[in-house]
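Reader: I'd like to learn how to read a protein model. Could we go through one together?

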Amino acid sequence: MYDFYAYMDRMKYIKRWQLMRSVREENIMEHSQQVAMFAHALAVINNKVFGGNANAEKTVLYAVYHECSEVMTGDLPTPIKYYDSNIKGAYKSIEALACEKLLSTLPEELRGALQSAIKPDVQSIEYSLMKAADRLAAYVKCLEELRCGNNEFTKAEKSIKEDLHSRKMPEVEYFFDKFIKSFSLSLDELEGI
């Protein structure tokens, strides 16, 4: 018996934004789906608009599994995770151990197929696009909460927006220019009613 997919199914129980009051709770399973969608968009933008050669499927696969270690570690809130270099380093080590443990829950013949998704090439364009998509998803969450009148996300929205623009990624700027404004609209406004 192998437990990998049972562990992955538990992503729906890991709550994000634990230290903040949210109008709508979010789990890492739904977050990962949104990151995968945004990662795909950024890879397509990279290729079609800017003449890049990002592997869109690999970018999406990185996104699908980017939070998988949290089924063992939980979601450590960002202010704690990045409080200082010692905590950040220790948490990265714990995440790496969790990824190894997860890979060990697969049959040997499947490990190779999933190893690169669970332990991605952090120097690749696909990884950079996925990380930007992760931040875009966090930014969209902030917009959603602010649209609902939850000012708890005001500072996070500002700092995440600054982080995204500081990356100097043309794909991110294109996404902002073409798509971000729509996330602040109601359904009636989206439909032009």
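Author: Here are some questions and answers about this model, which is a predicted one.

Reader: Let's start with backbone angles. What is phi of W17 near?

Author: Most residues other than glycine have a negative phi. W17 isn't a glycine, yet its phi is positive. You'll find W17 in the loop between α1 (4-9) and α2 (28-48). The angle you asked for is near 55°.

Reader: And where is K168, which also has a positive phi?

Author: K168 is another residue other than glycine with a positive phi, near 55°. Look along the chain past α9 (154-166) and stop before α10 (170-179). That puts K168 in the loop between α9 and α10.

Reader: Is W17 buried or exposed?

Author: Buried means under 20% relative accessible area. W17 has a relative accessible area of 15%, so the label is buried.

Reader: What about K168, buried or exposed?

Author: For this one you need the other cut-off, as exposed means over 50%. K168 has a relative accessible area of 69%, so K168 counts as exposed.

Reader: On to salt bridges. How many does a search of the whole structure find?

Author: One example is the pair K158 and E162, with the closest N and O atoms 2.7 Å apart. Those two are four residues apart in helix α9, so about one helical turn separates them. Another example is D177 with K178, at 4.0 Å. The search of the whole structure gives 14.

Reader: Which residue meets E26 in a salt bridge?

Author: The side chains come together at 3.1 Å, N to O, and the partner of E26 is R16. This pair links distant parts of the chain, 10 residues apart, with E26 and R16 each in the loop between α1 and α2. E26 has a relative accessible area of 5%, so E26 is buried. At 9%, the partner counts as buried too, and that partner is R16.

Reader: Is D177 buried or exposed?

Author: D177 forms a salt bridge with K178. K178 is partly exposed, at 46%. D177 has 54% relative accessibility, and the cut-off for exposed is over 50%. So D177 counts as exposed.

Reader: Now the inside. Which element gives the largest share of the largest nonpolar core?

Author: In soluble globular proteins, nonpolar side chains tend to be buried together. The largest nonpolar core here has 33 residues, and those with the most contacts inside it are L42, L136, I160 and I180. The elements giving two or more residues to this core are α2, α3 (56-65), α8, α9 and α10. The largest share, 12 residues, comes from α8.

Reader: Which residues does I180 touch, leaving out those up to four places away in sequence?

Author: I180 is among the residues with the most contacts inside the largest core. Once residues up to four places away in sequence are left out, I180 touches L136, Y139, V140, L143 and F175.

Reader: How many residues are in the second, separate core?

Author: This second core is separate from the one above, and its members include I28, C99, L103 and I118. Its residue count is 15.

Reader: Last one! What distance separates the C-alpha atoms of R147 and E70?

Author: R147 lies in helix α8 (residues 125-147). R147 touches F183, S184 and L185, not counting residues up to four places away in sequence. R147 and E70 are 77 residues apart along the chain, and their C-alpha atoms are separated by 28 Å.

Technical notes: Residues are numbered from 1 along each chain as its sequence is written. This is a predicted model: local features need pLDDT of at least 70, side-chain atom pairs count only at pLDDT 80 or more; totals for chains, interfaces and linings use all residues. Side-chain values use heavy atoms; hydrogens and water are left out. Buried means under 20% relative accessible area, exposed over 50%, partly exposed in between (1.4 Å probe, protein chains only). Contact means heavy atoms within 4.5 Å. A nonpolar core is a set of buried Ala, Val, Leu, Ile, Met, Phe, Trp, Tyr and Cys residues joined through side-chain atoms within 4.5 Å.
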